[in-house]
Structure formats: C-alpha cells, structure tokens
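Visitor: Please take me through the salt bridges in this model, up close. Then show me what the surrounding fold and core look like.

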Amino acid sequence: MVLAVLTSPRCLAEIYKWVDKDGVTHYSDRPAPGATEITIPPAQTYQAPPPQSLPAPTAAPTRAPARSANAACELRSPKPEEVLVNVAVITLSFRGPEGLSPVLMLNKKRYTAERDSNSIKIEPAVRGSFEARLTFVNDRNEAVCTVPTVTFYVRQPSVINSPARRKKPG
C-alpha cells in the first residue's frame, strides 16, 4: 500500500505568500497584491513492506483447578479469579484425602471443618477480594496435602446506591 498526498506536481495547487501592513504572514491559493508564489515539495511517501505470514494462533491454555502434587487434594469452588455476585454465604467446596481435617486460611483467618468434610461455609458474605489456602492435616496437625492459594472476589450491592435509600423527588 502506498500512502501519498499531492505527490505529482500537476496535483499541486499554486500557493501564494505575502505579509500585510501589520506584519502578519498570509498564505492563499489566490494571489494578492505583493504576493509571491511558493513551491511546496511533494509529500513524503511510504511503501509498507508486504505482510508476513504469522504463525497460527495457539489455543490459550485452560486453567485447571487448583491442585497440589497430590491429585486427591483440590479446591473445587470457587475457581481462581471467580467473581461471586450477591451471595449471602461463601461456600468453599473441596476434595481431600480421607481421614484428614480440612483447614482453610481465608485472608489470614483460620477456619476448620469436620474431618472428611467437603465444604466450609463463611457467612455473612462480605464484599472484597479473598485469598483462600486449603490444607489437609492429620491428627498431629501436620500438613499432608495443601492446595495452592486461590484468589476470588465477592461483589455485593452498595447500600449507598440501593433504591430504598434514594430520595424520591417531590
């Protein structure tokens, strides 16, 4: 593709320049008394290189559930970067080895669940960003299986902007 403006001399209009009695310089396509014709060089052009063939796009890797080296230990929900909207209770569901107790660190606060449990419920659900790290511990409180930290978000309606709080006109 070639980009050019006024590249041919015959496309160039005649341009005139003059200075008026107040010292102001003027340019026009019409001559005025005392004007001189000026020559404008052709516009600069650019020749774009031919397009190169690009490598075929590769599919983006899908994000697997957060797991540890032990495949029997996983946080099933919420998923990494998931946004929970208008929830009253945050339910974290998981799977871990039998006979172990799940311990959840949620924003540096510790929550425990019954042995062989598959979920922990946090209520009331407040808005914000959460980092969940789940560990399964044995009877001696030794970590046997740990799930990598998962970040998720809770969005709640604003009390300030709720329709019930808005003033009615009148």
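Guide: Start with the contacts (heavy atoms within 4.5 Å). Of those with a separation of 6 or more, 53% join residues 24 or more positions apart. The model is predicted: local features need pLDDT of at least 70, side-chain atom pairs count only at pLDDT 80 or more, and totals for chains, interfaces and linings use all residues. Residues are numbered from 1 along each chain as its sequence is written, and side-chain values use heavy atoms, without hydrogens and water.

The elements are quickly listed. The protein has 13 strands (DSSP runs of E, at least two residues, numbered from the N terminus) and zero helices. Read from the N terminus, the order is β-β-β-β-β-β-β-β-β-β-β-β-β. Of the 170 residues, 22% are buried (under 20% relative accessible area; exposed is over 50%, partly exposed in between; 1.4 Å probe, protein chains only).

Now the salt bridges (a side-chain nitrogen of Lys or Arg within 4 Å of a carboxyl oxygen of Asp or Glu). The structure has three. Glutamate 74 takes part in a salt bridge with arginine 76, where the closest N and O atoms are 3.6 Å apart. Glutamate 74 also pairs with arginine 95, here with the closest N and O atoms 3.0 Å apart. Where do glutamate 74 and arginine 95 lie? Glutamate 74 is in strand β6 (residues 74-77) and arginine 95 is in strand β8 (residues 90-95), so this pair ties together parts that are 21 residues apart in sequence.

How covered are the partners? Glutamate 74 is buried, at a relative accessible area of 6%. Arginine 76 is partly exposed, with 40%. Arginine 95 is partly exposed too, at a relative accessible area of 31%.

There is also the pair of arginine 140 and glutamate 142. Their side chains meet in a salt bridge, N to O at 3.0 Å. Arginine 140 is exposed, with a relative accessible area of 64%. Glutamate 142 counts as partly exposed, at 38% relative accessibility. As for sharing, Glu74, Arg76 and Arg95 are joined into one network by salt bridges with partners in common.

Next comes the core. The largest nonpolar core (buried Ala, Val, Leu, Ile, Met, Phe, Trp, Tyr and Cys residues joined through side-chain atoms within 4.5 Å) has 22 residues. Ile90, Leu92 and Phe152 have the most contacts inside this core. Strands β8, β9, β11 (119-122), β12 (128-137) and β13 (143-155) each contribute at least two of its residues. Strand β13 gives the largest share, five residues. So β8 appears twice in this account: β8 holds arginine 95 of the salt bridge to glutamate 74, and β8 also supplies core residues.

Phenylalanine 152 deserves a closer look. Leaving out residues up to four places away in sequence, phenylalanine 152 touches Pro78, Lys79, Glu82, Leu84, Ile90, Leu92, Leu106, Gly128, Ser129, Phe130 and Ala132. Among these are Ile90 and Leu92, which are named with Phe152 for the most contacts inside the core.

One residue of β9 completes the tour. Serine 101 sits in strand β9 (residues 101-106). Serine 101 is buried, with a relative accessible area of 18%. Its contacts, again without residues up to four places away in sequence, are Ala113, Arg115, Thr135, Phe136 and Val137.

Terms used:
Helices (H or I, at least four residues) and strands (E, at least two) are DSSP runs, numbered from the N terminus.
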